[in-house]
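Q: Please take a close look at a single part of this structure, and explain the terms along the way.

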Amino acid sequence: MAMCNRQLVFDKLRPLCVQLSKDHSRKNVVAVTKALEGIDRGCIQDLQEYLLFPLRIILKQPTKYSEDFYTDLFTLMEKILGCSRVWNWELFTDLFTSSCVMISSPSEHGSPEGKATAKSEDLKTAVVQNIKTLVSKSDYSIIQKLFSLQSLPVLGVAVSILLDIADTEKCRSLKVLAIKCLTELSQVDGKYCNKVRAMLGDTLASFLPGITITLCKIITGDQRQGHSVIATAIYAWTKIVGLTMDDILIEESQKRVQQPILAGTVEDKIKKLAIKRDSTWVEMTGKKLNVLVKQICSVRGHSNWKVRLALAESAGSLLQGCTRSLHSSIPDFMEILVGLISDEYTNVANKSRKILNIFTHTHLGPECRPLVEMLEENLHNLSTSLPRIIRCVDENRKFSALSLMSGYIDLLGSDINHLLMSASHLKRLSLSLVQVFELDTTDIKIIEERTTWIGHDADFVSCVHVSDVIKPRKNFKHFHDKKIEKELKNICRLLGYYDEYLSPSNMYLVTSPHHNHSVRSTPENRLMALELVTGQTSNQLSSFNRNIIQICLYLEGIGTFAKVLKDRSIGELVQRNADYLVNAISLRLRHFCENKKSPLVLKVMLQYSSSDILPLIGDTIQEILESLDENYEHEALLFLRVLNELVKAVLRWFKDSAGNNLEKKQQVSSEKRTDDKLDVVSYIKEYLHLKKVSEGDITQNDDTSQYDEQPAEDIPEDQDMDADQKKDPPLHVTAVKEVLFRCKHLLSSRNPSIRLLALDTIANSCRALQSHQDELLPMIHEIWMPYSARFVDEEKLVTKKAVESLMVMADTSGDFICRRCTKDVFPKMINFLEKQAEISKGSSKAYLHTINFKLQQCILGQIGGICKQLGVSGNNLDLVSSVCVLYLSARQPKFLQKIAMETCTILISLDPDPMWLKLCDLYHPKEFLSYVPLFKPVKFKSTPGAKNEFAENVIELLKLPEMGS
């Protein structure tokens, strides 16, 4: 709660102020500053002069103190002024002058010369903040005297110092503060009536040249000074120019009766500083300001949207209030706003458009013809200068010019047709855009010279040695910035929207020395097209390259039109034209050596189409498979990518059937587990049977013979008939089977990329065939041998992919691969985990980034889930658990410990008793004694309660419900 008793406050502050008057130290200044905290503003107002008295005394002392001391002193002064109002002119002038003297460089005569001194940034910041607060807390009577003719020199010194700080200082916050202080000193906030503002404008006009030039220098300066500095400078420039050049305030100033100046009160030198804002001064100043406005226009392309927004608001403010005084700058203000109506930031574009609409209806009437004519003239002039601008080095200038053109076209709207009806205007605009869009074709070699062998035609060269054609990127000759390309596209979009134009002759460009002269491609059309692009009539290779690029651009544009005009998505576009695409792919596959990219078209079709396309592409898929068989050595990766996309598409199209089958499988498995828990008799029988097997009373062959031997007559006749009448699988199932069959051979490829993609395709194929087990299981049997060899692949990434695909295979095929896995795969994975357990134990952080660690992490994380899906039990499960518990050691990386805990949890759920024994061998908290003498105590390898590296993780696992804790 604020202290508001005046006497108590005085008693608290008096000894501190007295001490400060006697001892000029930072300690005493800080003491007074802290004492002011929590004191009511009314009390500070009453004690204002008393509190400021020791500070004023110190500032008048000839003794110079440290800059830190003065920084604290002005901070204290600013705090006092911020909590009170200044009514005394003498107090104001003393504080104002002392502040200016503190940060100004003295002239030869000892008076301030208007330049900031080389003192610390902290001191300057404190003083400038103090001046800003002093002015803002001063009464109107103080401001009136400050802007009188007598105070013109003092005011001028302050303005000069603030401008010098804003211009020369490096600290951004200090520059911004100086500009804000200048804005506050100029009284531009509009809180006074027009008569007072006219008086303020008369005084401020004396400093207008220096203020506007310096702020313009800051605005157009290096962008590295920060957007906040530039935006603040734009705001200050706008407000100060608006106050001095406002049409209404100038009229008020010219009507105002000048107060007579008494003889001897003002020096003649000071009288000459006064400015009379008559029509001559207004005209001359308006022309000079137009020079600065043109410079400020260059900021229109600034990278920060806040600067562009400030510029739009500046143009709108001056258009609204200074139409007559700044009439010569109106086109420049319009240029700023028009260039920003297509800004990428919505708030900037909306603000610019709103200001333009207001200006149109306020000053130009409802017909807007003068505005349209001015826009047409500016657009024509810009079209003329655009080729010159686009050849300059500055990318920002190019972007500004293009955004301005975009704004003109957007603002003209349908009126652009009137401009383009003129042949000269249309030609100039078209040629300027063509020159801007010129591509850099120096490195593009679509067509090459081919040597004709003696006695043979050029086609004799083998297709194997012909380099693949790579789609060239669009490298423009005159610019590299993507935002310039985007703005050019926007201009073309607007022109196409308001005045679309396509020349049929551009579709018959000559692209080969042996050009096919069709019926429609007349010599006149070909010659006209060639001359249009190249300006010459000779069939040179460079001309062919440019023509081909232009045709590609036309095709790209036509594709864009198709999406905009007809199709709502790429998938719909592909679906509507699938028959044409399939036919084109089939034709090109017959000449694959010349059309090596044609399979990729089918790949894209599969990505964006639905299952409705499957009947159309059946024959094409077969051709792809045959082409793969014929080009196995060189193009396997290309075709496999298409086949992988086919399998993923099938999985996407028919995922509901696979999902329903999986849910049904999980439901059956759940019911089976429930029945197993309830059938105690079956459990005891199974236990006795396993015990006899372990004791050797029943051999493995005897155990399985009872299931293998089944009389033929016991097979139902219906089942036999169903086998004979088995239906052919659906088309998509057949296609996936064919893909799997090819993967069998590709798994042994020398290219690791092909092996990786083949494994990924196998995993997706298993998912796609999950609801067709009769087709899936034989195919798994078919590919198993080359597939299992991938678990010892020389490339660890391939092995990692094999483990991931095995999890999918186990999930889709169930216990069908259980025996295969335990025989062919598990030994390899267990062997790897055993070796890596010693390596990873106590390893450094660098090991976590190795491929061995990633494979180790993959196997350890997946092997538990695989065991669960396959129903692994007995010795096989014991081998897996034996290696997994090695990673419970505290010396293993934390991440591997976490994965081992998750895997052991799964293994515990499968068979808790053996896992309990293994965990207790590692660590057991106490000795387990039986209450029945018949049973001997269980002995473990670990000592009861002896902490070791496994203790922490084993304790957590023993707490699981399955452990019986």
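A: The following account treats one helix and then a contact between two others. The model is predicted, so local features need pLDDT of at least 70 and side-chain atom pairs count only at pLDDT 80 or more, while totals for chains, interfaces and linings use all residues. Residues are numbered from 1 along each chain as its sequence is written, and side-chain values use heavy atoms, with hydrogens and water left out.

Helix α4 covers residues 48-60; helices are DSSP runs (H or I, at least four residues), numbered from the N terminus. At 1.5 Å a residue (times one less than the number of residues), its 13 residues should span 18 Å, and the end C-alpha atoms are 18 Å apart, which agrees. Centred on P54, α4 has a kink of about 25°, the bend being the angle between axes fitted to the seven residues ending at a residue and the seven starting there. P54 is also among the buried residues of α4, together with Q48, L51, L52, L55, R56, I58 and L59 (buried means under 20% relative accessible area, with a 1.4 Å probe and protein chains only). These buried residues pack against α1 (6-22), α3 (41-46), α5 (67-82) and α6 (89-102).

Elsewhere, helices α18 (residues 330-340) and α21 (residues 395-412) pack at about 85°, with axes 7 Å apart; axes are lines fitted to C-alpha atoms over the stretch in contact, and angles run from 0 to 180 degrees between N-to-C directions. The two are therefore roughly perpendicular, a term for 65 to 115 degrees. E335, V338 and G339 of α18 meet S403, L404, G407, Y408 and L411 of α21, where contact means heavy atoms within 4.5 Å.

Technical notes:
Buried means under 20% relative accessible area, exposed over 50%, partly exposed in between (1.4 Å probe, protein chains only). Angles under 35 degrees count as roughly parallel, over 145 as roughly antiparallel, 65 to 115 as roughly perpendicular and the rest as oblique.
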